[in-house]
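Q: I am new to this structure and would like a close look at a single part of it. Please pick one, describe it with care, and then show me how its surroundings fit in.

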Amino acid sequence: MSFSSLGLSAPILTAVTDKGYQTPSPIQAQAIPAVLSGKDVMAAAQTGTGKTAGFTLPLLELLSQGPRARNKQVRALVLTPTRELAAQVAESVTTYGKHLPLRSAVVFGGVGIGPQISRLQRGVDILVATPGRLLDLYQQQALSFSQLEILVLDEADRMLDMGFIHDIKKILAILPPKRQNLMFSATFSDEIRTLAKGLVHNPVEVSVTPRNSTANTVAQLICPVDKSKKSAALVKLIQQGDWQQVLVFSRTKHGANRLAKALDAKGITAAAIHGNKSQGARTKALANFKSGEIRVLVATDIAARGLDIDQLPQVVNFDLPNVPEDYVHRIGRTGRAGADGKAISLVSDEEAKLLADIERLIGKNLPRTLVEGLEPSHTLPETDLTPKRHGQHKGPRNPKPKSNSQRSSNRSGNGQGSDKAGQPRRGDQAQGNKEGQGRRRTGASTGTSKPTSEGQQAQNQAQNQGKQEHRDGNAPARRRRRRRPSQGAPKPATN
Ligand code: AMP
């Protein structure tokens with residue numbers, strides 16, 4: 001399978017080649033022809049599968065064939081849950097559209113609205129936006145949707161998690177009913193399917209990752225360790241493995257700050273990224289992490305969502321997430337688009353229930369290993385994966401962790417064998433599947449606008465202005481709703 005067989009034209013194929021992609025990823029092979037057919041598409045794909053190019057490439061193709069956007073008009077709208085994801089999608093639009101005469105823009109909160117209004121004045125073919133700022137701009141009559149052809153909802157599951165449902169409904173109400181709809185989501189929960197009913201019509205469904213399975217190239221490992229020893233364990237793992245680029249997940253903003261400081265104190269360069277940081281600080285931290293200036297980025301879930309860091313080799317869960325689905329999202333940060341990655345979770349005995357929830361969700365017991373010299377005082381119970389009948393207890397087989405003084409072995413917690421820390425075993429294989437080619441849309445190409453580098457501009461703009469947070473991409477705590485928090489779990493984090 002090659003990109004040229006998917007129905008993309010020369011300017012786009014050249015950009016893809018420039019980027020160094022040789023073959024389409026499975027989601028691209030399925031989604032590109034489906035989108036080009038002009039039909040609505042519902043795609044189940046998590047970050048790291050190449051989903052952004054999966055919708056951006058055919059979007060550019062379709063838009064390159066129609067009349068250019070008139071003043072204040074938007075021809076394709078891409079909605080994302082976070083500012084970082086918006087900036088990254090916009091960057092992809094710029095990269096893949098660099099040989100096309102299309103105009104694009106990205107808008108999100110936390111930065112001045114004035115430059116965004118000016119940018120929209122001449123109209124844009126593609127607008128990438130977070131929901132709150134888009135509505136603000138619409139209310140200020142900075143844009144109009146009468147020329148809208150395509151709507152993309154990226155990371156729809158996260159949009160719902162972040163409480164954007166009302167904003168999404170408001171946006172749908174102001175768009176012309178006749179349009180092509182593309183919906184991308186890591187998982188298709190019942191909530192997502194309900195949203196889809198009012199959004200996509202006779203959609204082509206594409207899927208590359210079975211529901212709640214974890215990416216195929218990610219090797220996962222659990223390190224049981226006492227809560228008070230987690231920092232020391234992380235330092236040891238980073239030093240022993242000589243990890244140069246590690247994304248670490250912290251459940252809380254304060255925990256992220258504390259950990260970044262503790263790592264810095266040990267001579268491991270680190271920065272924290274979370275909702276209390278200004279947009280400028282976040283952009284700078286991400287840029288420094290990408291360039292290798294800092295080795296560790298400590299992030300909360302919402303801040304990390306959608307971060308596109310090429311071939312991230314190492315992800316660490318310093319705390320397990322309260323919501324098991326977030327584990328799948330988190331480790332989607334590594335092993336992206338065919339590259340190998342390792343995901344290590346530091347798990348204390350207080351997190352036994354969270355671990356059991358995760359292992360049940362992904363349907364497997366994760367291999368465990370101990371960090372030498374930092375063995376935990378309790379052994380984590382093994383998760384019983386056998387399906388329970390309704391009403392039966394769902395906790396770990398031994399819900400109370402036993403003291404290690406009661407157990408003789410401290411080598412392997414679950415009888416599944418242990419590997420050396422930093423050398424985890426391979427994860428399960430994800431599945432691929434089908435979807436057919438379709439009819440191409442055609443249209444006249446008349447526009448003359450210049451290509452832009454809007455994503456980069458947005459990142460710079462955000463960095464320069466560095467203003468305090470706005471609701472875009474950072475839904476206020478009252479709107480942030482988490483699904484199925486584990487009973488007895490630590491207090492839910494705000495990002
Ligand atoms: P995404 O899932 O869209 O966040 O993409 C994950 C990563 O895969 C990004 O860093 C892309 O640059 C990269 N990528 C996307 N498509 C391909 C491809 N066909 N071949 C190699 N890398 C790709």
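A: Let us start with helix 4 and then work outwards to its surroundings.

First, how to read the values: this is a predicted model, in which local features need pLDDT of at least 70 and side-chain atom pairs count only at pLDDT 80 or more, while totals for chains, interfaces and linings use all residues. Residues are numbered from 1 along each chain as its sequence is written, and side-chain values use heavy atoms, with hydrogens and water left out.

Helix 4 covers residues 83-96. Here helices (H or I, at least four residues) and strands (E, at least two) are DSSP runs, numbered from the N terminus. Helix 4 has 14 residues, and from its first C-alpha to its last it reaches 20 Å, close to the 20 Å expected at 1.5 Å a residue. That expected span is 1.5 Å times one less than the number of residues.

Is helix 4 mostly covered or mostly open? It is mostly covered, with twelve of its 14 residues buried. Buried means under 20% relative accessible area, exposed means over 50%, and partly exposed lies in between (1.4 Å probe, protein chains only). Among the buried residues of helix 4 are Arg83, Glu84, Leu85, Val89, Val93 and Tyr96. As background, an α-helix has 3.6 residues a turn, so residues three or four places apart point the same way.

Tyrosine 96 is a good place to look around from. It is buried, with a relative accessible area of 4%. Leucine 57 touches it: leaving aside neighbours within four places in sequence, leucine 57 is in contact (heavy atoms within 4.5 Å) with Phe3, Leu8, Ile12, Val16, Ile32 and Tyr96. Leu57 is also one of the residues with the most contacts inside the largest nonpolar core, together with Ile126 and Val128; that core has 45 residues. A nonpolar core is a set of buried Ala, Val, Leu, Ile, Met, Phe, Trp, Tyr and Cys residues joined through side-chain atoms within 4.5 Å. A second, separate core of 37 residues includes Met42, Ala129, Leu153 and Met162. In soluble globular proteins, nonpolar side chains tend to be buried together.

The ring of tyrosine 96 has a partner too. The model has three aromatic pairs, counted when rings of Phe, Tyr and Trp (its six-membered ring) have centres within 6.5 Å; planes under 30 degrees apart count as stacked, over 60 as edge-to-face and the rest as tilted. In one of these pairs, tyrosine 21 and tyrosine 96 are tilted, at 6.2 Å centre to centre with 55° between the planes. Tyrosine 21 sits in the loop between helix 1 and helix 2 (26-36) and tyrosine 96 in helix 4, so the pair ties together parts that are 75 residues apart in sequence. Tyrosine 21 counts as partly exposed, at 30% relative accessibility. For another pair, look at tyrosine 138 and phenylalanine 145: the ring centres are 5.9 Å apart and the planes lie at 20°, so this pair is stacked. Tyrosine 138 is partly exposed at 31%, while phenylalanine 145 is buried at 4%.

Now step past the end of helix 4. Lysine 98 forms a salt bridge with aspartate 18, with the closest N and O atoms 3.1 Å apart. Lysine 98 lies in the loop between helix 4 and strand 3 (104-107), and aspartate 18 in helix 1 (residues 10-19), so distant parts of the chain, 80 residues apart, are linked. Both ends are partly exposed: lysine 98 at 38% and aspartate 18 at 44%. A salt bridge here is a side-chain nitrogen of Lys or Arg within 4 Å of a carboxyl oxygen of Asp or Glu, and the count comes to 15.

For contrast, take aspartate 125 and arginine 75, whose side chains meet in a salt bridge at 2.9 Å, N to O. This pair links strand 4 (residues 124-129), which holds aspartate 125, to strand 2 (residues 74-79), which holds arginine 75, 50 residues apart. Aspartate 125 and arginine 75 are both buried.

Finally, a word on confidence. pLDDT is the predictor's confidence in each residue, from 0 to 100. The protein averages 78, and 72% of the residues score at least 70. pLDDT stays under 50 over residues 389-400 and again over residues 407-495. Where pLDDT is low, the predicted coordinates should not be read in detail.
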